[in-house]
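Okay, thanks for squeezing me in today. I'd like to walk you through one protein, starting from a single residue and working outwards. Let me get it up on the screen.

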Amino acid sequence: MAYPLAFFSSMMLLLAVGANAGGIAIYWGQNGGEGTLAETCSTGNYDFVNLAFLATFGNGQTPMINLAGHCDPYSNGCTNLTTDIKSCQAKGIKVMLTLGGADGSYYLTSAEDAKQVATYLWNNFLGGKSSTRPLGEAVLDGIDFDIEGGTTQHWDDLARYLSGYSSQGKKVYLTAAPQCPFPDAYIEIIISSHPISIRVYYVIS
């Protein structure tokens, strides 16, 4: 979703597709004045916190996270967020990694490319193993799709590969943030192909 940075402190209503459930989600990471991740979770206002964004990935690119002024991924400075992430999860809050955003370089060229990105996400942010985990040893709860550019192709492949990792133990949650008008040109293919596992964010103001 293309929002001003300040909007990422706004709340969003989370509706679980196919279920009578709801909760409040927030995007964290693009506003240097929004406080720490631990402080955000300590408000008790949110059920989901989305770390925004992994803005570079796919098409052979080296994936790169961008959390604005909160930490420097180039010097492994974001590994310090491990403690905050675990603190949020201890409160029952799901901590997600958001892919995409309005300003980024992301593009999936094939189903195989999507599989490689899914493998990277599993090993570096979810339940897999890697010596170069950008956020340290913390295991995130899932992946959020905020796809606003590139191609409309293969996002369903990425969602399918990610969903498959749920069979290895901890459930991998998948969420999506469609733009207006609805259906979203980029995300509709994910929602329609995963009607049970995908949770959808709708903006409330």
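So, let's begin with Lys94, which sits in strand β5. Keep in mind as we go that what you're looking at is a predicted model.

Is Lys94 buried, exposed or partly exposed? Its relative accessible area is 22%, and the cut-off for buried is under 20%, so Lys94 is classed as partly exposed. What does Lys94 touch, once we leave aside neighbours within four places in sequence? The contacts are Asp47, Phe48, Val49, Asp141 and Tyr173. There's also Tyr46, which is 48 residues away along the chain, yet its C-alpha atom is 9.0 Å from that of Lys94.

Now the strand around it. For β5, seven of the eight residues are buried, so the strand is largely enclosed by the rest of the structure. On to its partners. β3 and β5 run parallel, joined by six bridges. If you want one pair to click on, take Leu54, whose bridge partner in β5 is Leu99. Then β5 is also joined to β7, again by six bridges and again parallel. Two pairs to find there: Leu97 stands opposite Ile143 in β7, and Thr98 has Asp144 as its bridge partner.

Let's stay with β7 for a minute. How many of its six residues are buried? Six of the six, so you could call this strand mostly covered. As a reminder, side chains in a regular strand alternate between the two faces of the sheet. In β7, Gly142, Asp144 and Asp146 are on one side, with Ile143, Phe145 and Ile147 on the other, and all of them are buried, so both faces are covered. Moving along, β7 pairs with strand β8, residues 173–176, in the parallel sense over four bridges. The pair to look at is Gly142, opposite Tyr173 in β8. You've met Tyr173 already, on the contact list of Lys94.

Next up, helix α3, residues 111–124. Here's a little sanity check we can do on it. At 1.5 Å a residue, its 14 residues should span 20 Å, and the end C-alpha atoms are indeed 20 Å apart, so the two agree. Which residues of α3 are buried? Those are Asp113, Ala114, Val117, Ala118, Leu121, Trp122 and Asn124. And what covers them? The cover includes three strands, β3 (48–57), β5 (94–101) and β7 (142–147), along with helix α4 (155–164).

α3 comes up again when we look for open space. How much space lies in the largest pocket? About 200 Å³. The lining has 14 residues, and the closest to the centre of the pocket are Pro63, Pro73, Tyr120, Thr132 and Pro134. As for elements, β4 (64–65) and α3 are the ones that give two or more residues to that lining. In terms of chemistry, the lining residues split into nine nonpolar, five polar and no charged.

Two threonines before I zoom out. Thr40 is in helix α1, residues 37–42. With a relative accessible area of 6%, Thr40 counts as buried. Beyond its neighbours within four places in sequence, Thr40 is in contact with Ile26, Trp28, Glu34 and Tyr46.

The other one is Thr82, in helix α2, residues 82–90. Thr82 is buried as well, at 9% relative accessibility. Not counting residues up to four places away in sequence, Thr82 touches Leu135, Gly136, Glu137 and Ala138.

Okay, the whole chain. There are five helices and nine strands, and along the sequence they read β-β-α-β-β-α-β-β-α-β-α-β-α-β. Of the 205 residues, 49% are buried. And if you take contacts between residues at least 6 apart in sequence, 68% of those join residues at least 24 apart.

If you keep one picture from today, make it this one: β5 is joined in parallel to β3 and to β7, and those three strands are part of what covers the buried residues of α3. That's me done, so over to you.

Methods. Residues are numbered from 1 along each chain as its sequence is written. This is a predicted model: local features need pLDDT of at least 70, side-chain atom pairs count only at pLDDT 80 or more; totals for chains, interfaces and linings use all residues. Side-chain values use heavy atoms; hydrogens and water are left out. The expected span of a helix is 1.5 Å times one less than its number of residues. Buried means under 20% relative accessible area, exposed over 50%, partly exposed in between (1.4 Å probe, protein chains only). Contact means heavy atoms within 4.5 Å. On a 1 Å grid over the protein atoms alone, a cavity is a set of points where a 1.4 Å probe fits but cannot get out, and a pocket is an open set with protein on both sides within 12 Å along at least five of seven lines; lining residues have an atom within 4 Å of a point. Grid points are joined across faces, edges and corners, and a volume is the space filled by probe spheres set on the points. Ala, Val, Leu, Ile, Met, Phe, Trp, Tyr, Cys and Pro count as nonpolar, Asp, Glu, Lys and Arg as charged, and the others, Gly among them, as polar. Two strands pair if DSSP finds at least two bridges between them.
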